[in-house]
2 protein chains.
Amino acid sequence: MIVILLYLPLQNKIVMKHLLQTIKIEVNKKTYLKDPESSDLGKRIVEHSILMIHKIGFDAFTFRKLGNKIGSNESSIYRYFENKHKLLLYLTSWYWGWLEYQFVFATNSMADPGNKLRKAIEVITKPVAIDASFSHINEVLLNDIIINEYSKSYLTKEVDAENKEGYFEIYKRLVMRLSEMIEDIDADYPYPASLASTLLEGSLHQYFLTQHFPSLTNCNKKISPTEYFTHLIFNSINKKIDA
Amino acid sequence: MIVILLYLPLQNKIVMKHLLQTIKIEVNKKTYLKDPESSDLGKRIVEHSILMIHKIGFDAFTFRKLGNKIGSNESSIYRYFENKHKLLLYLTSWYWGWLEYQFVFATNSMADPGNKLRKAIEVITKPVAIDASFSHINEVLLNDIIINEYSKSYLTKEVDAENKEGYFEIYKRLVMRLSEMIEDIDADYPYPASLASTLLEGSLHQYFLTQHFPSLTNCNKKISPTEYFTHLIFNSINKKIDA
DNA sequence: TATAATATGATAGTAATACTATTATATTTG
DNA sequence: CAAATATAATAGTATTACTATCATATTATA
């Protein structure tokens with residue numbers, strides 16, 4: 001069903017919002033013990049974990065606190081997620097899956113490689129809109145969690161083992177899609193994967209800097225990360241399009 | 001003394017190594033309760049914290065384990081550092097101070113802005129050499145800790161308070177120095193601070209990717225991060241120099 | 001050289017974290 | 001209505017991240 005819908009020429013927010021309400025973002029099943037989408041409690045766990053991590057930060061977040069907040073038991077949460085690290089992997093995978101969906105949806109039908117890449121950069125670097133709501137998941141807050149906490153999901157001693165288990169597949173697929181778009185424009189550009197990963201990681205970082213270290217970035221209300229990275233990428237590859 | 005030495009035209013590794021052995025990298029005094037450079041135990045704490053964090057990772061690292069390792073008492077370590085977070089701030093500040101020193105030393109006497117920036121990029125992105133040893137601090141391992149753990153020093157809920165206290169001054173100064181060099185080449189380039197911060201953060205990230213996600217980078221034994229970022233930056237600003 | 005100051009070590013203790021285990025009680029399903 | 005399943009309640013463990021106190025060793029100073 002998803003594949004068919006992707007070919008629809010309609011590309012407005014309302015249509016996409018409806019689609020996002022009918023499809024399910026698929027994340028690696030190993031992130032959870034029991035699918036949180038399968039029950040009311042599961043959804044409440046996800047919903048309120050986002051609210052709570054956003055509020056107090058991932059480090060101070062515990063299953064006990066979450067249990068108290070949602071009037072449920074700590075041990076019940078453990079039946080859904082092994083530990084809070086796995087929950088973070090679930091949330092981040094969901095986010096990248098959600099973003100990938102918009103990425104593919106927005107660029108799939110585009111013929112011109114230049115415009116396609118421009119649109120791809122826009123989807124990845126633009127702020128998450130308030131109206132993007134998908135059921136119990138608040139994407140605006142989740143986006144902020146990604147900016148402030150995503151690195152913690154892979155800056156661990158277990159990263160290689162977890163990578164083998166496929167916990168970062170969606171993110172990697174996104175980077176590869178972007179990398180391929182760069183190659184489509186300039187097959188001789190020697191660093192497409194590095195440029196793609198620089199965009200994904202760098203975009204989060206520039207948003208972090210605007211929040212906490214404004215002197216280290218030129219991004220602000222007037223200059224968007226989209227503008228900065230569009231300039232950066234199109235000047236780096238061997239094809240210019242109008243600014 | 002430092003200032004005078006910076007004007008010396010000599011720029012070889014041996015001279016710099018000797019200089020680094022006579023000067024002291026100054027880090028924010030608030031990172032420690034008692035200066036670890038002031039005693040034997042303090043130096044052992046720093047030395048072995050680097051070895052241990054490198055080995056087991058910052059998350060699993062505790063003062064108790066470190067105490068056992070160096071045959072000292074947990075409570076004695078607490079007399080030097082409030083907690084392991086402050087120790088990480090100390091180590092990372094020291095690293096950036098050490099890098100800043102090399103940055104200034106290598107570029108200070110250069111007249112041509114293009115060559116100067118090229119050298120700056122090289123200093124920041126090149127792998128830390130084994131022969132760079134500075135007393136009890138193993139810079140090669142410390143560099144690896146920076147790659148794998150630096151983000152954790154600022155991805156916290158306390159980042160704004162700690163930023164006000166000056167814990168990130170050295171890093172910020174480095175970004176600003178680089179940003180100014182970019183401006184010196186192209187005063188009209190609109191994103192010098194963003195480009196500078198992208199280099200600092202992006203370089204660490206590309207090294208991380210080569211270690212753990214090689215498919216997401218083009219950097220490897222043949223292609224260096226220096227090459228990638230030199231290309232990226234000089235194509236982005238309005239002045240090209242020979243590759 | 002005695003004494004005071006300082007540094008380090010040993011031991012104990014606390015609150016919180018990150019779970020696991022067991023049993024009880026709802027709720028759903030066949 | 002019984003059986004299966006989901007959730008709740010309670011308790012317990014090992015570890016972490018400290019703090020406090022007291023003892024002992026080392027160093028500085030009068």
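This report walks through a predicted model of two protein chains, A and B, with two DNA strands, C and D.

## Chain A on its own

Let's start with one chain. Chain A is built from 12 helices and 0 strands. Read from the N terminus, its elements go α-α-α-α-α-α-α-α-α-α-α-α.

How much of chain A is buried? Of its 243 residues, 57% are. Now look at contacts in chain A with a separation of 6 or more: 71% of them involve residues 24 or more positions apart.

## Where the two chains meet

Next up is the contact between the chains. Chain B puts in 49 residues, and chain A puts in 49 residues. Interface size is often given as the accessible area lost when the parts come together. Here chain A and chain B bury about 4200 Å² between them, with 60% of that on carbon and sulfur atoms. On the chain B side, the residues losing the most area to chain A are B:Leu155, B:Tyr191 and B:Leu216, which together make up 17% of what that side buries.

What about polar links? There are 0 salt bridges between chain B and chain A, but 30 residue pairs are in polar contact across the interface, counting pairs with both residues at pLDDT 80 or more. Several helices of chain B supply at least two residues each to the side touching chain A: H3 (40-56), H8 (139-154), H9 (159-164), H10 (169-185), H11 (192-212) and H12 (225-236). H11(B) has the largest share, at 13 residues. Sorted by class, the chain B side has 23 nonpolar, 18 polar and 8 charged residues.

## A closer look at B:His212

B:His212 is a handy residue to find in the viewer, and it sits in helix H11 of chain B. Is B:His212 buried or exposed? Its relative accessible area is 14%, and because anything under 20% counts as buried, B:His212 is buried.

Which residues does B:His212 touch, leaving out those up to four places away in sequence? They are A:Val159, A:Asp160 and A:Asn163 from chain A, plus B:Asn148 from chain B. The side chain of B:His212 also makes a polar contact with the side chain of B:Gln211, at 3.4 Å.

## A buried loop residue: A:Asp186

Over in chain A, try A:Asp186, which lies in the loop between helix H10 (169-185) and helix H11 (192-212). Its relative accessibility is 11%, so A:Asp186 counts as buried too, given the cut-off of under 20%.

The side chain of A:Asp186 reaches the backbone nitrogen of A:Asp188 at 2.9 Å. Setting aside residues up to four places away in sequence, A:Asp186 touches A:Ile237 and A:Asn238.

## Around DNA strand C

Now for the DNA. There are 19 residues around strand C, and those coming nearest are A:Glu74, A:Asn83, B:Ser72, B:Arg79 and B:Tyr80. Among the strand C atoms within 4 Å of the protein, 55% belong to sugar or phosphate and the rest to bases. By class, the protein surface near strand C has 3 nonpolar, 9 polar and 7 charged residues.

Which helices should you look at? Helices H4 (63-69) and H5 (74-78) of chain A, along with H5 (74-78) of chain B, each supply at least two residues of this surface. The largest share, 3 residues, comes from H5(A). For some specific pairs, a polar side-chain atom of A:Arg64 is 3.3 Å from a base nitrogen of strand C. The side chain of B:Asn73 has an N or O atom 3.4 Å from a base nitrogen of strand C, and for B:Ser75 that kind of distance is 3.5 Å.

## Around DNA strand D

Strand D is surrounded by 19 residues, and the closest are A:Ser72, A:Ser76, A:Tyr80, B:Glu74 and B:Asn83. Of the strand D atoms within 4 Å of the protein, 58% belong to sugar or phosphate, while the rest belong to bases. The nearby protein surface divides into 3 nonpolar, 9 polar and 7 charged residues.

Three side chains show which parts of strand D can be approached. An N or O atom of A:Lys34 lies 3.2 Å from a phosphate oxygen, one of A:Ser75 lies 3.5 Å from a base nitrogen, and one of B:Tyr78 lies 3.2 Å from a sugar or linking oxygen. The elements giving two or more residues to this surface are H5 of chain A plus helix H4 (63-69) and H5 of chain B. H5(B) gives the most, with 3 residues.

Key
Residues are numbered from 1 along each chain as its sequence is written. Chains are lettered from A and ligands numbered from 1 in the order in which they are written. This is a predicted model: local features need pLDDT of at least 70, side-chain atom pairs count only at pLDDT 80 or more; totals for chains, interfaces and linings use all residues. Side-chain values use heavy atoms; hydrogens and water are left out. Contact means heavy atoms within 4.5 Å. Buried area is the accessible area (1.4 Å probe) that two parts lose on being put together, summed over both. A salt bridge is a side-chain nitrogen of Lys or Arg within 4 Å of a carboxyl oxygen of Asp or Glu. A polar contact is a pair of N or O atoms within 3.5 Å; within protein, one must be able to donate a hydrogen and the other to accept it, and residues adjacent in sequence count only if both atoms are side-chain atoms. Helices (H or I, at least four residues) and strands (E, at least two) are DSSP runs, numbered from the N terminus. Ala, Val, Leu, Ile, Met, Phe, Trp, Tyr, Cys and Pro count as nonpolar, Asp, Glu, Lys and Arg as charged, and the others, Gly among them, as polar. A residue is near a molecule or strand if one of its heavy atoms lies within 4 Å of it. Buried means under 20% relative accessible area, exposed over 50%, partly exposed in between (1.4 Å probe, protein chains only).
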